[in-house]
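Reader: I'd like a close look at a single strand in this one, taken slowly. Could you walk me through what surrounds it and what it is tied to?

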Amino acid sequence: QVQLVESGGGSVQAGGSLRLSCAASGRTFDNYAMGWFRQAPGKEREFVAAISTGSSRTGYADSAKGRFTISRDNARNTVALQMNSLKPDDTAVYYCAARRAYTSSTYFREANTYDYWGQGTQVTVSS
């Protein structure tokens, strides 16, 4: 089992920044690829960003490219999502997710491939 706890959400004006953090416990963190997803009211959960176990590869949704940065610290068992130039469309509950990875250079975009999820943290961007 892997337990994930997100933090760092909040309310911000358009153009502002937030940094989300996800703390993992329970298993060897650096064996798990990590991802961030979000779900807005009335919409399906969507991919935001992902990172491989050794941080060698990252992937972003088109909506996040150039504004968001995913990173991880395997020594601290954490993964972060730095979000800059936030827009009202970024308003959603943001979820951290983990899945076992057997290569160090793979990340995953599909939500249904992840095994563990956090409880989510609310991000609200006002115009």
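Author: Happy to. Keep in mind that this is a predicted model. Let's take strand β9, residues 92-100, and start with its neighbours. Strand β4 (residues 32-39) runs antiparallel to β9, and 8 bridges join the two. To find your place along that pairing, look for W36, which stands opposite C96 in β9.

β9 has other partners too. With strand β11 (residues 121-126) it pairs in the antiparallel sense, over 3 bridges. A handy marker there is A92, which sits opposite V123 in β11. Then there is strand β10, just residues 116-117, antiparallel to β9 and joined to it by 2 bridges. In that pairing, A97 has W117 of β10 as its bridge partner.

So how enclosed is the strand? Of the 9 residues of β9, 7 are buried, so the strand is largely enclosed by the rest of the structure.

Now go back to C96, since it does more than face W36 across the pairing with β4. The structure holds 1 disulfide, and it is formed by C22 and C96, with their sulfur atoms 2.1 Å apart. This pair links distant parts of the chain: C22 belongs to strand β3 (residues 18-25) and C96 to strand β9, 74 residues apart. If you like to check the geometry, the link of C22 and C96 is left-handed, with -75° about the S-S bond. Are its two ends buried or exposed? C22 is buried, at a relative accessible area of 0%, and C96 is likewise buried, at 0%.

What about the nonpolar surroundings? The largest nonpolar core has 30 residues. Among those with the most contacts inside it are Y94, M34, W36 and V79. β9 is one of the elements giving two or more residues to this core, and the others include β3, β4 and β11, along with β5 (46-51), β7 (68-73) and β8 (78-83). As a general point, nonpolar side chains in soluble globular proteins tend to be buried together.

V79 is a good place to stand if you want to see how this connects. Leaving aside residues up to four places away in sequence, V79 touches both C22 and C96, the two cysteines of the disulfide. Its contacts also include M34 and W36, as well as L20, F29, I51 and I70.

One last thing to look for: apart from that core lies another, of 10 residues. Among them are A50, F108, Y114 and A97, the last of which you've already met as the bridge partner of W117.

How values were computed. Residues are numbered from 1 along each chain as its sequence is written. This is a predicted model: local features need pLDDT of at least 70, side-chain atom pairs count only at pLDDT 80 or more; totals for chains, interfaces and linings use all residues. Side-chain values use heavy atoms; hydrogens and water are left out. Buried means under 20% relative accessible area, exposed over 50%, partly exposed in between (1.4 Å probe, protein chains only). Helices (H or I, at least four residues) and strands (E, at least two) are DSSP runs, numbered from the N terminus. Two strands pair if DSSP finds at least two bridges between them. A disulfide is a pair of cysteine sulfur atoms within 2.5 Å. A nonpolar core is a set of buried Ala, Val, Leu, Ile, Met, Phe, Trp, Tyr and Cys residues joined through side-chain atoms within 4.5 Å. Contact means heavy atoms within 4.5 Å.
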